[in-house]
Amino acid sequence: MTVCVSLSTESRSADRAPSSVYESRMDTKITEPDPPYRNGMSEVLRYGEFTSTGNRKVRYALSLTERDLTIQKITSAPLERSKVVFNLRDCVGSRAFRADDNTDSGAYFSAYFYPFKRRWMSSGVARQRVERCFRVDLVHDLCANLEEAEKWARTIRESSVLQNHPRNGVVYSEVRRPCRAMLLVNPHSGKGQALSLFTSHVQRMLNEAGVSYTLVVTERQNHAREMVREADLSQWDALVIMSGDGLLFEVVNGLMEREDWEEAILTPLGILPGGSGNALAASIHHYSGAQPVSSEELLVSCGFLLCKGLVSHMDLASVHLSSGPTRLFSFLSVAWGFVADVDIESEKYRHVGAARFTLGTLVRLASLRVYRGRLAYLPADEAEPRGESPQNQRPFSTFCPSDLCRPSDSVGQNTFHNSCNSNNAVRMKTSEPVPPNATQKGLPDSLLVPLDQPVPSDWVVVPEEDFVLMLAVYQSHLAEDLYAVPDSTLNDSIIHLMYVRAGISRTALLRLFLAMGKGTHLENNCPHLVYARVKALRLEPFSPKGVITVDGEVVEYGPIQAQVHRGLARLIAR
């Protein structure tokens with residue numbers, strides 16, 4: 001189902017005026033420019049006095065600078081009790097319109113803000129919608145009043161765009177304005193409420209920001225992948241996904257499968273949480289510097305970021321599987337063992353939303369599994385893995401299919417857990433890299449060799465073969481409530497590799513995941529947890545059965561390797 005909606009600020013001139021408005025009583029002529037007043041250090045771009053339609057004896061002074069919109073109630077009360085200041089960085093849009101009443105010669109303009117405000121029932125702050133509407137009635141001429149109202153709306157919009165400052169030294173580009181977006185919604189994601197959440201929260205925000213969009217409701221698995229692979233992307237300024245992380249996985253891989261992938265992958269991507277995990281949505285909210293939120297508050301936050309339209313580059317990892325030339329592109333994670341088991345086995349609890357992961361964790365802890373395999377990685381140049389120096393050296397042999405049938409003797413305990421936070425890893429001296437996709441079209445993976453060859457000489461080999469889990473993640477969050485990598489950024493060119501060795505108790509593993517909810521798991525000095533910052537990795541599972549996921553999607557079980565590519569995609573994220 002495809003629904004095309006094209007709404008812009010300028011075109012909605014016949015909307016009904018909101019009940020809470022202010023009436024203009026400005027004496028200056030509308031054909032004259034506003035005087036260059038100064039308000040502190042900021043120049044006053046526009047100024048006017050207004051009265052409330054409910055009580056015309058009360059007047060308001062409206063002052064617009066390049067940074068703020070100030071509403072001052074003109075009374076004898078102290079100034080601090082009667083003045084309200086809205087930062088234009090919190091503004092998503094403004095529009096001018098006329099009333100439905102044909103006898104009303106006044107015009108109106110509204111400004112839409114989403115500032116941080118304290119919650120009603122709990123501590124902390126979250127973005128909440130605030131609308132301010134004013135009435136312009138300078139003369140008994142609707143056209144003249146509407147022209148003046150549009151001047152105010154246009155100045156507010158333009159000034160709010162200028163407030164998109166760099167954050168943490170990162171300079172963001174912007175989505176083209178006015179923006180045309182393809183918005184893909186998976187109606188079955190999460191609790192199956194994505195469409196209703198879009199209608200109740202997102203649709204109004206997009207209208208307020210003047211964003212036109214085509215709504216596409218996906219009908220089956222890989223529907224989005226097929227659509228973006230064949231779509232004329234020149235029609236769109238952005239591709240927006242409202243779902244869990246799985247739909248974005250489809251979109252990313254559909255773009256990378258195109259003949260013009262180099263240009264297609266630069267199409268700005270937007271993410272709105274509508275699923276169970278919502279890891280990337282939680283990550284971009286975290287990158288914005290805001291306090292942690294969840295559920296509908298997270299949706300409002302991501303909707304706000306989408307409306308602001310700031311674009312940053314995002315790392316992608318190319319993932320090679322054992323089945324010949326098969327290659328996937330990942331924006332979030334590769335998982336094996338406990339994390340992958342919980343992700344897939346908790347699908348049966350999808351109706352409870354994000355709580356499915358908590359429930360799945362408890363179920364899996366009751367019958368904790370140990371997996372056998374070999375792990376190797378290329379350390380990042382910026383930092384060496386945490387832990388002690390390598391002590392024992394052993395070869396990283398080429399994978400053989402018969403290894404899947406090796407007996408799992410002594411898998412209940414791990415004999416390498418005596419060194420706290422030590423990976424006991426070694427560097428191999430083998431052949432130099434020969435890219436696995438030397439004959440493959442598309443993006444080259446210069447750090448990888450074919451899976452049937454030994455790893456390159458500068459890779460680190462993990463001697464342990466008994467694991468509870470292996471997790472490679474490139475965003476800050478693995479779910480709304482799983483703060484996996486506190487210091488991760490969108491384009492740091494780092495794969496954050498974590499693995500837990502066999503021998504950990506159920507209590508210790510539960511404590512580890514509880515700490516991950518606060519982002520303190522790496523500080524707990526767990527002797528079984530190892531963390532390393534890497535550029536590439538290879539996993540060769542020996543256990544005959546198991547699950548490997550890429551961005552939460554099940555992939556072929558067997559040898560797998562991945563390499564990070566810095567800033568390959570572009571994401572709408574402040």
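Two strands are said to pair if DSSP finds at least two bridges between them. In this predicted model, strand 14, which covers residues 180-185, and strand 15, which covers residues 212-217, pair in the parallel sense over 6 bridges. One of the contacts between these strands can be followed by residue, as Arg180 has Ser212 in strand 15 as its bridge partner.

Strand 14 also has a parallel partner in strand 16 (residues 238-243), to which 5 bridges join strand 14. In this second pairing, Met182 stands opposite Leu239 of strand 16. Strand 14 is mostly covered, with 5 of its 6 residues buried.

How are strand 14 and strand 15 arranged with helix 3? Together with helix 3, which spans residues 194-209, the two strands make a β-α-β unit that is right-handed.

Aromatic residues form a further topic. The count of aromatic pairs in the model comes to 9, and one aromatic cluster is formed by Trp336, Tyr371, Phe467 and Tyr499. A pair of aromatic rings is described by the distance of the centres and the angle of the planes.

Charged side chains also lie over rings: Arg95 is placed over the face of Phe97, while the charged end of Arg127 sits over the ring of Phe304. The table sets out the distance to the ring centre in each case.

| Charged residue | Ring | Distance from ring centre |
|---|---|---|
| Arg95 | Phe97 | 4.2 Å |
| Arg127 | Phe304 | 3.8 Å |

Key: Residues numbered from 1 in each chain as written. Predicted model: local features only at pLDDT ≥ 70, side-chain atom pairs only at ≥ 80, totals over all residues. Heavy atoms only, no water. Buried < 20%, exposed > 50% of the residue type's maximum accessible area, 1.4 Å probe, protein only. Helix = DSSP H or I, 4+ residues; strand = E, 2+ residues; numbered from the N terminus. Right-handed = clockwise from strand over helix to strand, strands pointing away. Phe/Tyr/Trp six-rings, centres within 6.5 Å; stacked < 30°, edge-to-face > 60°. Lys NZ or Arg CZ within 6 Å of the ring centre and 35° of its normal.
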